[in-house]
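Visitor: I am new to reading protein structures, and I would like to learn how to go through one feature by feature. Could we look at an example together?

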Amino acid sequence: AELEDFASIAAHDLQEPLRKVRAFGDMLARSSGDDLGEDGRRYLERMQDAAGRMQQLIDDLLVYSRLTTRAAPSEPVDLNETVNRVIDDLDFALGDAGTTIEVGRLPSVNAEPTQMYQLFQNLISNAIKFRREDEPHRIDIGSERKGDGTAVITIADNGIGFSDEYAEQIFKIFERLHGRASYAGTGIGLALCRKIVERHGGSIVASGAEGEGATFTITIPANDRELVDAR
């Protein structure tokens, strides 16, 4: 209920003045940028960057708050198709990072399709972001079907990793293990992933080691149909 109240306020009372700050900043840069001097232009750029971060934070919070209240009905979702679409959409980011991504056989689940896309888009983007510059980057995605009707899906990378003592902290909203100057983001992505998975009757845990990579393990009810081959 509190998140819905925030969503209502953010959609109107916060976003409108923020749009004006950014719009007038853009106008000032176009009309008077050359007259501001080096310091003035730097201050204006920092103001615009801060406004952009606030806009992203509001957008992320709105997505988080509406996961349950505005979710579409569940339907059969082939996660192979979902992950392939995410990979297609992240094609440039994967190319720039030099990432090799391998996808094994994934299950079909009863889910809200957009939320499954958000889940894997966040996890794959997260792996790309926290890669090591001194090591060819790799992401491996696979799954195993359990006898209890669940599927265990793993997303593993060889990035910078993290200490296991932070395995729960990283799923908390606004929590960050690294400064904004090092890695961009609002600290909501993994909290969003956990909320999506739990909404679909599953769980997600993380494990890692500093300098060796991270693994995210999702356990989620699968459809009765057989696993299908990834593309």
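Visitor: Which side chain meets Arg132 in a salt bridge at 3.2 Å, N to O?

Guide: Before I answer, please keep in mind that this is a predicted model. To read a salt bridge, one looks for a side-chain nitrogen of Lys or Arg within 4 Å of a carboxyl oxygen of Asp or Glu. Here the partner of Arg132 is Asp134, and the two side chains meet at 3.2 Å, N to O. Arg132 also forms a salt bridge with Glu135, where the closest N and O atoms are 4.0 Å apart. Through these shared partners, Arg132, Asp134 and Glu135 are joined into one network.

Visitor: Which of these residues are exposed and which are partly exposed?

Guide: The general idea is to look at the relative accessible area, where a value over 50% counts as exposed and one under 20% as buried. Asp134 is exposed because its relative accessible area is 58%, whereas Arg132, at 23%, is partly exposed, and Glu135, at 35%, is partly exposed too.

Visitor: How many salt bridges are there, and where do Asp39 and Arg42 come in?

Guide: The count comes to 7 salt bridges, and one of them is formed by the side chains of Asp39 and Arg42, at 2.9 Å, N to O. These residues are 3 apart in helix α2, which spans residues 37-69, so about one helical turn separates Asp39 from Arg42. Both ends of this bridge are partly exposed, with Asp39 at 40% relative accessibility and Arg42 at 36%.

Visitor: What do the helices and strands look like when the chain is read along its sequence?

Guide: A good habit is to count the elements and then to write down their order. The protein chain has 6 helices and 7 strands, and they follow the pattern α-α-β-α-α-β-β-α-β-β-α-β-β. Of the 231 residues in the chain, 41% count as buried.

Visitor: How many residues of helix α5 are buried?

Guide: For a helix, one can ask about its span and then about its cover. Helix α5, residues 113-129, has 17 residues and reaches 24 Å from its first C-alpha to its last, which is close to the 24 Å expected at 1.5 Å a residue. This helix is mostly covered, with 12 of its 17 residues buried; among them are Met116, Tyr117, Leu119, Phe120, Leu123 and Ile124.

Visitor: Which way do the side chains along strand β6 point?

Guide: In a regular strand the side chains alternate between the two faces of the sheet. Strand β6, residues 203-209, gives a case of this, with Ile204, Ala206 and Gly208 pointing to one face and being buried, while Ser203, Val205, Ser207 and Ala209 point to the other face and are not buried. Ala209 is partly exposed, because its relative accessible area is 26%.

Visitor: What is Ala209 in contact with, apart from its neighbours within four places in sequence?

Guide: With those neighbours left aside, Ala209 is in contact with Ile160, Gly161 and Phe162. Ala209 and Ser163 are 5.1 Å apart in space, C-alpha to C-alpha, although 46 residues apart in sequence.

Visitor: How many bridges join β6 to β7, and how do these strands run?

Guide: For a pair of strands, one looks at their direction and at which residues stand opposite each other. Strands β6 and β7 run antiparallel and are joined by 7 bridges, with Ala206 standing opposite Phe216 in β7. Their hairpin has 3 residues between the strands, and Gly211 takes a positive phi near 80° there.

Visitor: Which residue forms an aromatic pair with Phe216?

Guide: With rings, one reads the distance between centres and the angle between planes. The structure holds 1 aromatic pair, in which Phe171 and Phe216 are edge-to-face, 6.1 Å centre to centre and with 85° between the planes. The pair links distant parts of the chain, since Phe171 lies in the loop between β5 and α6 and Phe216 in strand β7, 45 residues apart. Phe171 is buried, with a relative accessible area of 5%, and Phe216 counts as buried at 5% relative accessibility. The ring of Phe171 has a further neighbour, as the charged end of Arg194 sits over this ring, 4.1 Å from its centre.

Notes:
Residues numbered from 1 in each chain as written. Predicted model: local features only at pLDDT ≥ 70, side-chain atom pairs only at ≥ 80, totals over all residues. Heavy atoms only, no water. Phe/Tyr/Trp six-rings, centres within 6.5 Å; stacked < 30°, edge-to-face > 60°. Helix = DSSP H or I, 4+ residues; strand = E, 2+ residues; numbered from the N terminus. Buried < 20%, exposed > 50% of the residue type's maximum accessible area, 1.4 Å probe, protein only. Lys NZ or Arg CZ within 6 Å of the ring centre and 35° of its normal. Pairing = 2+ DSSP bridges. Expected span 1.5 Å × (residues − 1). Contact = heavy atoms within 4.5 Å.
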